[in-house]
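Visitor: Please take a close look at one loop residue in this model and its surroundings. Then place that spot in the wider chain.

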Amino acid sequence: MDTYRADTYGQRVAGVYDDWYDVVDPATVPVLAELGRSGRALELGIGTGRVAIPLREAGVSVEGIDASEAMVARMHAKPGGGEIPVVIGDMADIAVEGEYALIYVLFNTFFSLLTQEDQVRCFRNVAGHLEPGGSFVLECFVPDPARLAARQGVRVSEIGEDALRLEAAQIDLAKQLITSQTVLLTEEGLKLYPVKIRYVWPSELDLMAQLAGLALRHRWASWRKDPFTASSTGHISVYGCAQPEEAS
Ligand SMILES: C[S@@+](CC[C@H](N)C(=O)[O-])C[C@H]1O[C@@H](n2cnc3c(N)ncnc32)[C@H](O)[C@@H]1O
């Protein structure tokens, strides 16, 4: 996948994204609204607006960044989606003006940044756009050691009467990279949807935050704020500006 770029995933998946990922945990928007209501909010990798549109309806002034024009066009075609300003660009750059009460990145989208350098750059740029007391929220999976140990795998995502959806992945443990293809088989033929991510353990995220002058405020296992434990498979992490004595 040498030609894979920041917009590859979105440009390929935009037409099916909302059908495949139509369920959003209903507790997501209230938590983000609580954190963002006092000011502006910015979603990194805003996509088709699955969360941004209901968050705006909840009274938060939402903006976005996304690499894919096709994903953003889907959002802008939806009721309320056209009112959400979006910068087309790389979320590592945070090429926006001003400060935000809330910057958030959902559904493992932070892992779309494929090098540690870009991920640290994103943290630093986010920190530069957070207002005092502001929050940076990430929703991520916790890497599964069994999946990593296998170094490759194929799993079935959907079996219907007219379609089969498979995900085939290879894992580079040294670079923490998962390179995968979602393969959609129908009677009309086969379609490929490439995805590349660099997975990160929660501890590495905390270190990136520290490098950016941020500190962990909360880590929950779900949007219902269940405690994060050793057996949690995902996390919601909330970072804020470190106090002077907390900063490195
Ligand atoms: C899995 S989708 C998530 C969309 C939305 N946040 C949601 O929860 O439905 C990932 C989104 O991130 C965007 N994306 C991927 N890499 C990016 C990058 N480096 N900079 C900006 N956007 C990126 C993709 O185009 C896509 O819209």
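Guide: In this predicted model, G45 sits in the loop that runs between strand 1 and helix 3 (52–57). With a relative accessibility of 22%, G45 counts as partly exposed, because buried is reserved for values under 20%. Leaving out residues up to four places away in sequence, G45 touches I65, D66, M91 and T109. A further reference point is M71: G45 and M71 are 26 residues apart in sequence, and their C-alpha atoms are 9.3 Å apart in space.

The residue before the loop glycine is L44, and strand 1 covers 40–44. L44 touches I65, M91, I94, I103, Y104, V105, T109, C122, V126 and F136, again without residues up to four places away in sequence. I65, M91 and T109 are thus on the list for L44 and also on the list for G45.

L44 leads into the interior. The largest nonpolar core has 36 residues, and L44 is one of those with the most contacts inside it, along with F110, F123, F136, L138 and L214. Strand 1 (40–44), strand 4 (100–105), helix 5 (116–128), strand 5 (130–141), strand 7 (163–172), strand 9 (189–198) and helix 7 (202–211) each supply at least two residues of this core. Helix 5 gives the most, with five residues. Apart from this core lies another, of 24 residues, which includes V29, A52, V60 and M75. As a general background, nonpolar side chains in soluble globular proteins tend to be buried together.

A second glycine shares part of the surroundings. G89 is found in the loop between strand 3 (86–88) and strand 4. Its contacts, leaving aside neighbours within four places in sequence, are I65, D66 and A67; I65 and D66 are also touched by G45. G89 is partly exposed, at a relative accessible area of 26%. From G89 to D118 the separation is 29 residues in sequence and 13 Å in space, C-alpha to C-alpha.

The loop between strand 4 and helix 5 holds N108. N108 is not a glycine, yet its phi is positive, at about 65°. Most residues other than glycine have a negative phi. N108 is partly exposed, at 22% relative accessibility. R151 likewise has a positive phi of about 65° without being a glycine, and R151 lies in the loop between helix 6 (145–150) and strand 6 (152–159).

As for the whole, the chain has seven helices and 11 strands. Its radius of gyration is 18 Å, close to the 18 Å that the globule rule gives for 248 residues, so the chain is as compact as a globular protein of that length. The C-alpha trace spans about 60 × 45 × 35 Å along its principal axes. Buried residues make up 45% of the 248 residues. Of the contacts between residues at least 6 apart in sequence, 59% join residues at least 24 apart. The chain exposes about 12,300 Å², with carbon and sulfur atoms supplying 51% of that area. There are 22 positive and 34 negative side chains, and the centres of the two sets lie 3 Å apart.

Note on methods. Residues numbered from 1 in each chain as written. Predicted model: local features only at pLDDT ≥ 70, side-chain atom pairs only at ≥ 80, totals over all residues. Heavy atoms only, no water. Helix = DSSP H or I, 4+ residues; strand = E, 2+ residues; numbered from the N terminus. Rg over C-alpha atoms; globule rule 2.2 N^0.38 Å. Buried < 20%, exposed > 50% of the residue type's maximum accessible area, 1.4 Å probe, protein only. Contact = heavy atoms within 4.5 Å. Areas by Shrake-Rupley, 256 points an atom, 1.4 Å probe, with all protein chains shown as cover. Lys, Arg positive; Asp, Glu negative; His and termini not counted. Charge placed at Lys NZ, Arg CZ, Asp CG, Glu CD. Core = buried A, V, L, I, M, F, W, Y, C linked by side-chain atoms within 4.5 Å.
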